[in-house]
Amino acid sequence: MGWMDRKIKPMLAHIAEPFDSEDFIFELKFDGSRTLAFVGEKIRLQNRRLLNITHRYPELKLGDDVKAKEAILDGEIVVTKDGKPDFGMLQTREHVGDELRIELLSQTMPATFIAFDLLYLNDKPLVDLPLMERRTKLEEIVTEGPRLLLSRYVETHGRRYFEEVAKLELEGAMAKRKRSPYQIGKRSRDWLKLKAIKTM
């Protein structure tokens, strides 16, 4: 089975306290739904439980904004309110099955895919490459728009970044080791969750 037809378990993180390190990047922990986007002749969105959720998000036509024959992106689907991810609104989107209501909500409560990693590009698996090489390739192929954004990061200054995230009452931050490979289905200390808000 080819990569584009697989069900792929995402790499997971351990919980940690805020820290500084030149070996890590730090980015937002989005209050969304972890999703792998398979972008090729057609789009397939797969959630963390390996379910196909493409039908729930007809507005995420990511092929228009990804310059590649085939690509597998890791990221989060979020629904925003006043510029911040709103988990309640996302839950509304996640639990709708009726086609007409899905179409209506895609217009009144549109989702955005925020990409932060690239597992596969044009017949080549990238999972063994260091994170920063994967990020560079991701940035080269993504054209940002209302429905597709790149996750931004800072280097070294994890404590200060976490403090600013907490001030904004966002969920927290992620710390990722720059040289780490993508470890499919594994919970690794190369990725760390720095939680500012306790979630259910």
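Strands β1 and β13 are a good place to start: they run parallel, joined by 4 bridges. Within this pair, H14 has L192 of β13 as its bridge partner, and L12 is matched with R187 in β13. Before going further, please keep in mind that this is a predicted model.

## The chain as a whole

Stepping back, the protein chain contains 4 helices and 13 strands. Its C-alpha trace spans about 45 × 40 × 25 Å along the principal axes. A compact globule of 200 residues would have a radius of gyration near 16 Å, and the protein chain agrees because its own value is 16 Å.

How much of the chain is buried? Buried residues account for 48% of the 200 residues. The surface that the protein chain exposes comes to about 10,700 Å², and carbon and sulfur atoms supply 50% of that area. Contacts also reach across the sequence: of those with a separation of 6 or more, 74% are between residues 24 or more positions apart.

## An open sheet of five strands

Let us return to β1 and β13 and see where they belong. They are part of an open sheet of 5 strands, arranged in the order β1-β13-β12-β2-β11, with mixed pairing. At the edges are β1 and β11 (153–156), each of which pairs on one side only. From one strand to the next, the twist averages 35°. As a general point, strands of a sheet pair through backbone hydrogen bonds, in either a parallel or an antiparallel manner.

Strand β12 (residues 172–177) is mostly covered, with 6 of its 6 residues buried. One of its partners is strand β2 (residues 21–28), which pairs with β12 in the antiparallel sense over 5 bridges. Strand β13 (residues 187–195) also pairs with β12 in the antiparallel sense, again over 5 bridges. A handy residue to find here is M174: E27 stands opposite M174 in β12, while K193 in β13 is a bridge partner of M174.

Two helices lie across this sheet. Helix α3 (residues 131–141) lies across β2, β11, β12 and β13, and runs at about 40° to β2. Helix α4 (residues 158–167) lies across β2, β11, β12 and β13 too, running at about 15° to β2.

Out on strand β1 (residues 12–15) you will find I15. Is I15 buried or exposed? With a relative accessible area of 59%, it lies over the 50% cut-off, so I15 counts as exposed. I15 and G185 are 170 residues apart in sequence, and their C-alpha atoms are 16 Å apart in space.

## Strand β8 and its partners

Another strand worth visiting is β8 (residues 112–121), which is mostly covered: 10 of its 10 residues are buried. The table below lists pairings of β8.

| Partner of β8 | Direction | Bridges | A facing pair |
|---|---|---|---|
| β5 (residues 71–78) | antiparallel | 8 bridges | A71 and L121 |
| β10 (residues 148–150) | parallel | 3 bridges | A115 and L150 |
| β9 (residues 124–125) | antiparallel | 2 bridges | Y120 and P125 |

What do β8 and β9 form together? They make a hairpin with 2 residues between them. In the turn, N122 has a positive phi of about 50°.

## A closer look at E94

For a last stop, find E94 in helix α1 (residues 87–94). The relative accessibility of E94 is 11%, under the 20% cut-off, and therefore E94 counts as buried.

Which residues does E94 touch, leaving aside its neighbours within four places in sequence? They are S33, I53, R56 and Y57. With Y57 there is also a polar contact between the two side chains, at 2.5 Å.

## Pulling it together

To retrace the route on screen, begin with the open sheet in the order β1-β13-β12-β2-β11, then look at helices α3 and α4, which lie across β2, β11, β12 and β13. From there, move to β8, with 10 of its 10 residues buried, and follow the hairpin that β8 makes with β9. Finish at E94, whose side chain makes its polar contact with the side chain of Y57.

Note on methods:
Residues are numbered from 1 along each chain as its sequence is written. This is a predicted model: local features need pLDDT of at least 70, side-chain atom pairs count only at pLDDT 80 or more; totals for chains, interfaces and linings use all residues. Side-chain values use heavy atoms; hydrogens and water are left out. Buried means under 20% relative accessible area, exposed over 50%, partly exposed in between (1.4 Å probe, protein chains only). A polar contact is a pair of N or O atoms within 3.5 Å; within protein, one must be able to donate a hydrogen and the other to accept it, and residues adjacent in sequence count only if both atoms are side-chain atoms. Contact means heavy atoms within 4.5 Å. Two strands pair if DSSP finds at least two bridges between them. The radius of gyration is taken over C-alpha atoms; the globule rule is 2.2 Å times the number of residues to the power 0.38. Accessible areas come from the Shrake-Rupley method with a 1.4 Å probe; for residues, only the protein chains shown count as cover. Axes are lines fitted to C-alpha atoms, for helices over the stretch in contact, and angles run from 0 to 180 degrees between N-to-C directions.
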